[in-house]
Amino acid sequence: MAANDTRIEGNTLLLGDGARVRFIRTLRLPEAGTHRLPPGLGEFPLRRVEDHPDTVPEQWRAKGGVMLPVYLREAMWLSFAGSPEPSALQVGVGKVCAISGEKWTGKLSRRPQNYVVLPRQPWLDGINSGKGTVRQFVAVPLGMGATVEGQVTGEETVGGLQLQAFPLAPKPRAAWREEQRRLAEERARHRAAHPPQYGAAPMAAYGAPPPMPMAAPAGAPGAAMGIGAGGSMRQEVYQDDRRARDWSDTPEARVFVHLVTPPEWRRITGEEPPPSPVDRAAYTRAGLPWYDYFDADGTDLAPSDVLADVKPVGEWLGDDLDPWTPPAPHQIKPLGPPPPPPGAPVADGDW
């Protein structure tokens with residue numbers, strides 16, 4: 001097992017020097033139709049598995065990593081905001097690649113691409129299942145066949161999420177750092193010559209709405225959870241425009257993310273889990289924002305044929321009967337690419 005440089009800082013995972021990952025709670029989309037980017041409703045709390053050796057399942061201790069509490073059919077997205085250096089990040093759902101649909105290998109591939117490039121990719125809301133669209137990450141119990149893992153491999157033995165980050169190779173990394181140093185000097189000279197004007201309204205940020213009333217919690221059977229596919233939304237997964245040899249052959253960090261039901265979270269940690277997510281109809285009726293992201297310089301990856309065939313979890317868990325109120329046009333907030341980027345270690349294990 002390679003050296004691991006994964007740390008936890010609050011509710012943020014730091015994988016090496018390049019990748020910062022937060023797990024964001026969000027509204028679950030209807031499984032029919034294609035929708036705008038849903039809002040963020042706060043971070044999932046993260047805890048290290050090794051901090052609870054007497055209460056986590058034995059197989060979790062062997063895998064190490066972190067855990068977070070999630071309700072049955074709750075949706076999430078991964079935020080990469082603040083990732084300071086270029087990083088090739090692999091995202092697995094039950095050790096199925098969320099980008100290519102292929103089995104987890106732990107090595108970078110370009111044919112098909114099995115990773116996202118940070119900080120170019122600002123977030124990832126789901127599996128790469130359509131042209132310019134993804135299907136939302138949704139938590140479901142193992143054993144029903146509803147997970148991406150179950151549908152792609154025919155088995156449900158892994159569950160959770162897996163992340164692995166590769167830095168740039170030494171020479172490209174040194175060249176990138178030198179270029180950033182030069183750009184920082186230019187920005188400093190520009191600021192000195194053009195002092196900022198105060199009082200301008202800040203740009204809206206994807207994932208920061210005001211608090212809303214919470215719906216009644218829904219129970220989730222059992223402790224073992226995996227990722228299924230939810231509703232479809234407009235989101236591009238960007239093609240890597242670097243040379244394949246620019247990336248290191250060796251990952252800098254990796255981590256297994258266990259998904260814990262709220263009752264198990266309470267038993268393992270002694271903490272209360274967050275309340276269940278807000279009702280999406282109430283959110284939209286309140287006039288709060290949805291989002292639309294566009295990067296003119298980015299090239300969308302082709303969708304994975306394997307992931308395009310993954311069925312949404314409603315095929316197993318029943319129809320999504322929550323009322324759907326489409327957002328009004330004035331609620332859709334356009335977003336552009338993020339600006340240039342100006343804890344405790346997590347134990348790895350055998351997975």
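In the predicted model, Val-70 is placed in the loop between β7 and β8. Val-70 is buried, its relative accessible area being 0%. Beyond its neighbours within four places in sequence, Val-70 is in contact with Phe-44, Met-76, Ala-139, Met-225, Leu-259, Val-260, Thr-261 and Pro-262. One of these contacts, Phe-44, is separated from Val-70 by 26 residues in sequence, while the C-alpha atoms of the two lie 8.0 Å apart in space. Arg-73 belongs to the loop between β7 and β8 as well, and has a phi near 70°, a positive value in a residue other than glycine. With a relative accessibility of 10%, Arg-73 counts as buried, because the limit for that class is set at under 20%.

The strand that follows this loop, β8 (residues 75-79), has five of its five residues buried and is therefore largely enclosed by the rest of the structure. In a regular strand the side chains alternate between the two faces of the sheet. For β8 both faces are covered, with Ala-75, Trp-77 and Ser-79 buried on one side and Met-76 and Leu-78 buried on the other. Strand β8 is joined to strand β3 (residues 19-26) by five bridges, the two strands running antiparallel, and in this pairing Thr-26 stands opposite Ala-75. Antiparallel pairing over two bridges also links β8 with strand β13 (residues 133-141), where Val-138 is the bridge partner of Ala-75. A further antiparallel pairing, again over two bridges, connects β8 with strand β11 (residues 123-124); here the bridge partner of Leu-78 is Leu-124.

Strand β7 takes part in an open sheet of six strands, which has mixed pairing and the order β6-β7-β16-β14-β9-β10. The edges of this sheet are formed by β6 (47-48) and β10 (116-118), each of which has a single partner strand, so that one side of each is left without a neighbour in the sheet. Helix α4 (residues 262-269) packs on the sheet and touches β6, β7 (66-69) and β16 (253-260), its direction making about 130° with that of β7. Within the sheet, strand β9 (residues 87-93) and strand β14 (residues 161-167) run antiparallel and are joined by seven bridges, with Gln-90 of one strand standing opposite Gln-164 in β14.

Strand β14 is also included in what covers the buried residues of helix α3. This helix (residues 170-193) comprises 24 residues and reaches 35 Å from its first C-alpha to its last, close to the 34 Å expected at 1.5 Å a residue. Buried positions in α3 are Pro-172, Arg-173, Trp-176 and Gln-180. An α-helix has 3.6 residues a turn, so residues three or four places apart point the same way.

The largest nonpolar core contains 50 residues, and those with the most contacts inside it are Leu-13, Phe-23, Met-76 and Leu-163. Met-76 is one of the buried residues of β8, and is also among the contacts of Val-70. Leu-13, for its part, touches Phe-23 and Leu-163, and its other contacts beyond four places in sequence include Leu-46, Val-66, Val-255, Val-257 and Val-346.

Several backbone features occur in the loops on either side of strand β10. In the loop between β9 and β10, where Pro-112 is found, a cis peptide bond joins Arg-111 and Pro-112, with omega at about 0°. Lys-95 lies in the loop between β9 and β10 too; although not a glycine, Lys-95 has a positive phi of about 60°, and at 23% relative accessibility this residue counts as partly exposed. A cis peptide bond also joins Leu-118 and Pro-119, with omega at about 5°, and Pro-119 is placed in the loop between β10 and β11.

Confidence varies along the chain. The mean pLDDT of the protein is 84, and 78% of its residues reach 70 or more. Confidence is highest in β9, at a mean of 98, and lowest in strand β17 (residues 290-293), at 56. Over residues 199-205 pLDDT stays under 50, and the model has four contacts beyond four places in sequence for this stretch. Residues 207-222 likewise stay under 50, although for them the model has 38 such contacts beyond four places in sequence. Where pLDDT is low, the predicted coordinates should not be read in detail.

Key
Residues are numbered from 1 along each chain as its sequence is written. This is a predicted model: local features need pLDDT of at least 70, side-chain atom pairs count only at pLDDT 80 or more; totals for chains, interfaces and linings use all residues. Side-chain values use heavy atoms; hydrogens and water are left out. Two strands pair if DSSP finds at least two bridges between them. Helices (H or I, at least four residues) and strands (E, at least two) are DSSP runs, numbered from the N terminus. Contact means heavy atoms within 4.5 Å. Axes are lines fitted to C-alpha atoms, for helices over the stretch in contact, and angles run from 0 to 180 degrees between N-to-C directions. Buried means under 20% relative accessible area, exposed over 50%, partly exposed in between (1.4 Å probe, protein chains only). The expected span of a helix is 1.5 Å times one less than its number of residues. A nonpolar core is a set of buried Ala, Val, Leu, Ile, Met, Phe, Trp, Tyr and Cys residues joined through side-chain atoms within 4.5 Å. pLDDT is the predictor's confidence in each residue, from 0 to 100.
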